[in-house]
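Hi,

Here is the structure I said I would pass on. Have a look at it first, and then read on for my notes.

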Amino acid sequence: SHTIRFYNGTIWADIGGGSGTYTVNEFTLTPTDISNGFVTLTSVPTTPTNTILTVIGGPMQSYGPDFTVTGNQLSWSGLFLAGVLVSNDILVIQFN
């Protein structure tokens, strides 16, 4: 199966039914990214709230308290990750 799964805090859940196409973007953060508080995704997610963000070496992050997606920008400005992310952190972002 080609289903992407994530832990929603209670159970492991599927995103979609394995029949959709998912995009994975990877970013190594620069000082400019940190200053801007966002990265630009390669396309606009169909359902932004289903976006999965993992910081390599850290846990998956939660949509809302840790990051948001507006259009094709994933932002952490003013949210929890604003005080945590540093230059050279690697973000892996999955979305449909």
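Below is what I found, going from the whole chain down to single residues.

First, a word on what you are looking at: this is a predicted model. The protein chain has 96 residues, and 33% of them are buried. Its secondary structure comes to one helix and nine strands. If you walk along the sequence, you meet them in the pattern β-β-β-α-β-β-β-β-β-β. The accessible surface of the chain is about 5,400 Å², and carbon and sulfur atoms account for 53% of that. As for how the chain folds back on itself, take the contacts between residues at least 6 apart in sequence: 60% of these join residues at least 24 apart.

A good place to start is strand S9, residues 90-95. Five of its six residues are buried, so S9 is largely enclosed by the rest of the structure. Which strands pair with it? One is strand S3 (residues 23-28), which pairs with S9 in the antiparallel sense over six bridges. Within that pairing, asparagine 25 stands opposite isoleucine 93. Another is S5, also antiparallel to S9, this time over four bridges. Here isoleucine 52 has glutamine 94 of S9 as its bridge partner. In case you are new to sheets: strands pair through backbone hydrogen bonds, and the pairing can be parallel or antiparallel.

S9 also matters for the inside of the protein. The largest nonpolar core has 15 residues, and those with the most contacts inside it are Leu74, Trp76, Leu91 and Ile93. Two elements, S5 and S9, give two or more residues to this core. The most comes from S9, with three residues.

Isoleucine 93 is worth clicking on. Leaving out residues up to four places away in sequence, isoleucine 93 touches Thr23, Val24, Asn25, Phe27, Val39, Leu41, Thr51, Ile52, Leu53 and Leu74. Asn25, its opposite number in S3, is in that list.

Over in S5 (residues 52-55) you will find threonine 54. Is threonine 54 buried or exposed? Its relative accessible area is 19%, and the cut-off for buried is under 20%, so threonine 54 counts as buried. Setting aside neighbours within four places in sequence, threonine 54 is in contact with Pro59, Met60, Ile90, Leu91 and Val92.

Next, a separate sheet. Three strands form an open sheet in the order S4-S8-S7, with antiparallel pairing. Its edge strands are S4 (38-40) and S7 (68-70), each of which pairs on one side only. On average, neighbouring strands in this sheet are turned by 25 degrees against each other, ignoring direction. S7 and S8 are joined by three bridges. For one of the partners, look at threonine 68, which is bridged to serine 75 in S8.

Now for the loop that runs between S8 (73-75) and S9 (90-95), where glycine 83 lies. Glycine 83 counts as exposed because its relative accessibility is 71%, and the cut-off for exposed is over 50%. How far apart in space are glycine 83 and isoleucine 34? They are 49 residues apart in sequence, but 9.7 Å apart from C-alpha to C-alpha. Asparagine 88 lies in this loop as well. Asparagine 88 is exposed too, at 58% relative accessibility. Its backbone is worth a look: phi is near 80 degrees, a positive value in a residue other than glycine.

Last, the aromatic rings. How many aromatic pairs does the structure hold? The count is one. The pair is made by tyrosine 63 and phenylalanine 67, and the arrangement is edge-to-face, with 5.5 Å from centre to centre and 85 degrees between the planes. As for cover, phenylalanine 67 is buried, at 0% relative accessibility, whereas tyrosine 63 is partly exposed, at 27%.

If you only have a few minutes, I would open S9 with its partners S3 and S5, and then turn to the loop that holds glycine 83 and asparagine 88.

Cheers

Definitions and conventions: Residues numbered from 1 in each chain as written. Predicted model: local features only at pLDDT ≥ 70, side-chain atom pairs only at ≥ 80, totals over all residues. Heavy atoms only, no water. Buried < 20%, exposed > 50% of the residue type's maximum accessible area, 1.4 Å probe, protein only. Contact = heavy atoms within 4.5 Å. Areas by Shrake-Rupley, 256 points an atom, 1.4 Å probe, with all protein chains shown as cover. Pairing = 2+ DSSP bridges. Axes fitted to C-alpha atoms, helices over the stretch in contact; angles between N-to-C directions. Core = buried A, V, L, I, M, F, W, Y, C linked by side-chain atoms within 4.5 Å. Phe/Tyr/Trp six-rings, centres within 6.5 Å; stacked < 30°, edge-to-face > 60°.
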